[in-house]
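Here's a walk through one protein chain, going from the overall fold down to individual side chains. Keep the model open and turn it as you read.

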Amino acid sequence: MVGLQPTDVPPTTAVKFVGAGTAACFADLLTFPLDTAKVRLQIQGESQSEKAIQNVRYRGVLGTITTMVKTEGPSSLYNGLVAGLHRQMSFASIRIGLYDSVKQFYTPKGAENSSIIVRILAGCTTGAMAVTCAQPTDVVKVRFQASVRLGPGSCRKYSGTMDAYRTIAREEGIRGLWKGTLPNITRNAIVNCAEMVTYDMIKEALIDRHLMTDNFPCHFISAFSAGFCATVVASPVDVVKTRYINSPPGRYSSTVDCMLKTLSQEGPTAFYKGFTPSFLRFFHRLKHEEMEEEKVLHVPFIATDCNLSLPWEMMFLTFYRQKRIHLLITKPERIPQNNRKYSLKDTL
């Protein structure tokens, strides 16, 4: 914590918006190939998929990445990156920038801490708002990621990101840019509930049964397990969302039709295509603890909802959280006077 000096001025909403969006963009640059691999695996096997996709076989996350590099070049792993950055700036900014205010709105007057129900409601509310605003960017991102180019002569539907926005709006109407909003909101709600509830339950069980103490390994295992549970329950909705967003007009009449056709043609296992890259990208349970940490220490708002998806990123935030607990115990004077209401129990 050397060099970090507390300030009595809490970060403004604008700072939270910009900080969350910027941090999410940096994280997306690192994890985007995983997301692209996930999309390719999820759409693989559709009976009416593009001929180019049918001619390429992907096996596992590493096999998918390797095949894409060999057949399309390394740059294919970053197809749709611009739209992905657009999405992170809009989605993460809204979700994190408004989370605090919405959580306070749901918290009963006089309550010192926010309950798990309040946190879930706040996460689902801000997530739904963020998805609604950022959906056009998600549609363009998925379509670029799903597009296969096997050579210089391969046709390219969109010349660029802005052309994709215009083409979709022209060919499918404005509603086409918000295609798949409902399953996307549903997926976000499922992830919020699954992660928060399972994280707290697993951590409490480990501590209550004296299997572990409240330390780094306990938080790591809890976060790992919560990410796995979230992937298990959210993967079917995520597969349907990806296929429905990527589908041309007329292929599916609705998300329910997409789900039923996937089930009847490929079986229930199709809903878990791309499970591994999804799990790696869901491995970000400590984002909300980082938000609370920022309030106590008033450090720059730089790592809130970074879409953490690699173990070393999660480990960094877990270690950082432990430093916060140590600071609360050993140096309470470092906490600004207007934030003295936060105590050690708020970190657990």
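A residue is called buried here if its relative accessible area is under 20%, exposed if that value is over 50%, and partly exposed in between. Try that on Ala223, which lies in helix H10: with a relative accessible area of 1%, Ala223 is buried. One thing to look for around Ala223 is Ile202, 21 residues away along the chain, with 8.9 Å between the two C-alpha atoms. Keep in mind that this is a predicted model.

Now zoom out. The protein chain has 14 helices and zero strands, so reading from the N terminus you pass α-α-α-α-α-α-α-α-α-α-α-α-α-α. Of the 348 residues in the chain, 53% are buried. Take the contacts in the chain with a separation of 6 or more: 76% of them come from residues 24 or more positions apart.

Back to helix H10, since a good part of this tour runs through it. His219 is found in H10 too, and with a relative accessible area of 0% His219 is buried. Lys203 is 16 residues from His219 in sequence, and their C-alpha atoms are 6.9 Å apart in space.

Step back along the chain to the loop between H9 and H10, where you'll find His210. Is His210 buried or exposed? Its relative accessible area is 72%, so His210 counts as exposed. The backbone deserves a look here as well. Most residues other than glycine have a negative phi. His210, though, has a phi near 60°, a positive value in a residue other than glycine.

Helix H9 itself covers residues 181-208, and Ile185 is found in it. Ile185 is partly exposed, at a relative accessible area of 24%. What does Ile185 touch, once its neighbours within four places in sequence are left aside? The contacts are Ala128, Val131 and Thr132. Ala128 is 57 residues from Ile185 along the chain, yet the C-alpha atoms of the two are separated by 5.3 Å.

Next, see how H10 meets helix H11, which spans residues 255-266. Two packed helices are described by the angle between their axes and the distance between the axes. For H10 and H11, the angle is about 110° and the axes are 9 Å apart. An angle of 65 to 115 degrees counts as roughly perpendicular, and H10 and H11 are therefore roughly perpendicular to each other. On the H10 side, the contact is made by Val240, Arg243 and Tyr244; H11 brings Thr255, Cys258, Met259, Thr262 and Glu266. Sorted by class, that contact of H10 with H11 has four nonpolar, two polar and two charged residues.

Tyr244 turns up again in another setting: the charged end of Lys179 sits over the ring of Tyr244, 5.2 Å from its centre. A second arrangement of this kind involves Arg87, whose charged end sits over the ring of Phe91, 4.5 Å from its centre.

That brings us to rings paired with rings. A pair of aromatic rings is described by the distance of the centres and the angle of the planes. The structure holds seven aromatic pairs, one of them made by Phe224 and Phe279. Their ring centres are 5.1 Å apart and their planes are at 80°, so the pair is edge-to-face; planes over 60 degrees apart get that label. Phe224 lies in helix H10 (residues 216-246) and Phe279 in helix H12 (residues 275-282), so this pair ties together parts that are 55 residues apart in sequence. Which of the partners is buried? Phe279 is, at 11% relative accessibility, whereas Phe224 counts as partly exposed at 39%.

Tyr272 and Phe275 make another pair, with ring centres 6.2 Å apart and planes at 50°, so this one is tilted. Tyr272 is partly exposed, with a relative accessible area of 35%, and Phe275 is partly exposed as well, at 21%. Finally, look at these rings together: Phe224, Phe228, Tyr272, Phe275 and Phe279 form one aromatic cluster.

Definitions and conventions:
Residues are numbered from 1 along each chain as its sequence is written. This is a predicted model: local features need pLDDT of at least 70, side-chain atom pairs count only at pLDDT 80 or more; totals for chains, interfaces and linings use all residues. Side-chain values use heavy atoms; hydrogens and water are left out. Rings of Phe, Tyr and Trp (its six-membered ring) pair if their centres lie within 6.5 Å; planes under 30 degrees apart count as stacked, over 60 as edge-to-face and the rest as tilted. Helices (H or I, at least four residues) and strands (E, at least two) are DSSP runs, numbered from the N terminus. Buried means under 20% relative accessible area, exposed over 50%, partly exposed in between (1.4 Å probe, protein chains only). A charge sits over a ring if NZ of Lys or CZ of Arg is within 6 Å of the ring centre and within 35 degrees of the ring normal. Axes are lines fitted to C-alpha atoms, for helices over the stretch in contact, and angles run from 0 to 180 degrees between N-to-C directions. Angles under 35 degrees count as roughly parallel, over 145 as roughly antiparallel, 65 to 115 as roughly perpendicular and the rest as oblique. Contact means heavy atoms within 4.5 Å. Ala, Val, Leu, Ile, Met, Phe, Trp, Tyr, Cys and Pro count as nonpolar, Asp, Glu, Lys and Arg as charged, and the others, Gly among them, as polar.
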